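The exercises below ask you to work through side-chain pairing, enclosed space and cysteine environments. Each task is followed by a solution that proceeds step by step.

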Amino acid sequence: MNQSAVLCSITDFCNRYQSWVTGENVQIYNAEIGSEIVGGARVQYVFNNYFTSYLRMIDPLEGLTYIDIFTCIKNATGPYQALFIPDGSFDLIIKKQLEKLIEPSFQCVEYVSLELKRIIEEYVVPQDAKEVESIISKEAIIYIDECRDSAKDLVDNLLKIELSYINTSHPDFIGAGGVIEEHIHNMVEEIVDERLRVEENVRMEEIAEKQALEANSKRGRRRPRSLSSHHFRRLSQELDDEQNGCRPFLSIPTFADTKTNTNKSMNQLVPECIRFHGNLNEEEKYTMDVIQKLISSYFNIVRKNIEDAIPKAVMHLLVNQSLSNMQNRLVEKVFKPYSFND
């Protein structure tokens, strides 16, 4: 085949490929296609009906329990008691949840590349393709794979950028500006005040009850009764039991017993593996609820960024790149070798 025929085949291939991707050629084949979505419209379907829908189905709190959050906070504070939410524990938790966005992002790139290859194999290349047309289609698919790899590299960098810095000062983040910390501080003060009020009420009730008992005892004071024979028999039995070696009802442990019991209790209180299995109090539950709201808020911000950025990256480095540079690539890989051989 001469050079002009090869060049014409390349030009015709690129024109048909561009027409099918951009949707210009669909109207011509409407009678054959019917109601099926074809060409570049399938790329839009991947963006809207697969990628976006899949991202929105992800639960920001999936696989995350109160105990997981509580344990993470405890590990992040070390031997100290945390008054508010440690930044290190929040970063660790949110990064773990954001990793759920990685797989659908890469799958989006893969599915779009498969749709572009499908356009070439089903619509651009004729069934009775000649040798040069088969070579052109194979080289075009190789170039789409290269564009796919470039798009994956950009997607990988976009995801790493989101994970590299947790911007808690984002204007859409509900914890920006220390609002949550101030809210928790006010909540803790309210809980402390409530406990103080309860304790004061209990103390006042005890004082009132004591005063009432004293008043009653003064009004109905009587001479103390003498001990009955039943009380004498009980006391004498307890004394006999103590003399016979029986352990008295009240006994003071010796120093040796105290040391042995202390060593035994220390071994029991410090296990090799420590896990939290207890119930959270109201203050801790409230803190866990706040942290879950923070996680959901920041996760939604990043999800929105990824939902917008990934399709743009795929369009730029995969779809548009294959449209604009396909002809140059085919000329370099197909036309020049034919010219050299001729």
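**Exercise 1.** Classify Arg42 by its relative accessibility, and identify the side chain that it meets in a salt bridge.

Solution. In this predicted model, Arg42 has a relative accessibility of 23% and therefore counts as partly exposed, since that class begins where the buried range, under 20%, ends. The next step is the partner: the side chains of Arg42 and Glu115 meet in a salt bridge, at 2.5 Å from N to O. Glu115, with a relative accessible area of 12%, is buried. Finally, one places the two residues in the chain: Arg42 belongs to helix 3 (residues 40–57) and Glu115 to helix 6, so this pair ties together parts that are 73 residues apart in sequence.

**Exercise 2.** Determine which elements the salt bridge between Asp145 and Lys117 links, and find the network of salt bridges that contains these residues.

Solution. Begin with the distance: the closest N and O atoms of Asp145 and Lys117 are 2.5 Å apart. Asp145 lies in helix 7 and Lys117 in helix 6, and the pair links distant parts of the chain, 28 residues apart. For the accessibility step, Asp145 is partly exposed at 21%, whereas Lys117 is buried at 14%. Widening the view, one arrives at a network of salt bridges that links Glu110, Lys117, Asp145, Arg148, Asp149 and Lys152. A search of the whole structure gives 14 salt bridges.

**Exercise 3.** Work out how the salt bridge between Glu200 and Arg203 is placed with respect to helix 8.

Solution. The side chains of Glu200 and Arg203 meet at 2.7 Å, N to O. Both residues lie in helix 8 (residues 179–219), where a spacing of three residues corresponds to about one turn of the helix. As for accessibility, Glu200 is partly exposed at 35%, and Arg203 is likewise partly exposed, at 41%.

**Exercise 4.** Count the cavities of 30 Å³ or more, and describe the lining of the largest cavity and of the second largest cavity.

Solution. The count comes to two cavities of 30 Å³ or more. The largest cavity holds about 40 Å³ of space, and its lining consists of Leu98, Leu101, Ile102, Leu159, Glu162, Leu163, Val302 and Ile306. Helix 7 (131–164) and helix 11 (282–341) each give two or more residues to this lining, with the largest share, three residues, coming from helix 7. By residue class, the lining of the largest cavity divides into seven nonpolar, no polar and one charged.

The second largest cavity holds about 30 Å³, and is lined by Ser9, Phe13, Arg16, Val125, Pro126, Glu133 and Ile136. Here the elements that give two or more residues are helix 1 (3–22) and helix 7, and helix 1 supplies the largest share, three residues. The lining of the second largest cavity divides into four nonpolar, one polar and two charged residues.

**Exercise 5.** Describe the surroundings of Cys108, and establish how many disulfides are counted.

Solution. Cys108 is found in helix 6 (residues 102–124) and, at 0% relative accessibility, counts as buried. Leaving aside residues up to four places away in sequence, Cys108 touches Val46, Phe47, Tyr50, Phe51 and Ile310. The C-alpha atoms of Cys108 and Val314 are separated by 8.2 Å, although these residues are 206 residues apart along the chain. Turning to other cysteines, Cys147 is buried at 4%, whereas Cys8 is exposed at 53%. The count of disulfides comes to zero.

Methods
Residues numbered from 1 in each chain as written. Predicted model: local features only at pLDDT ≥ 70, side-chain atom pairs only at ≥ 80, totals over all residues. Heavy atoms only, no water. Helix = DSSP H or I, 4+ residues; strand = E, 2+ residues; numbered from the N terminus. Buried < 20%, exposed > 50% of the residue type's maximum accessible area, 1.4 Å probe, protein only. Contact = heavy atoms within 4.5 Å. 1 Å grid on protein atoms, 1.4 Å probe; cavity = no way out; pocket = protein on both sides within 12 Å on 5 of 7 lines; lining within 4 Å. Points joined across faces, edges and corners; volume = space filled by probe spheres on them. Nonpolar A, V, L, I, M, F, W, Y, C, P; charged D, E, K, R; others polar. Disulfide = S-S within 2.5 Å. Salt bridge = Lys/Arg side-chain N within 4 Å of Asp/Glu carboxyl O.
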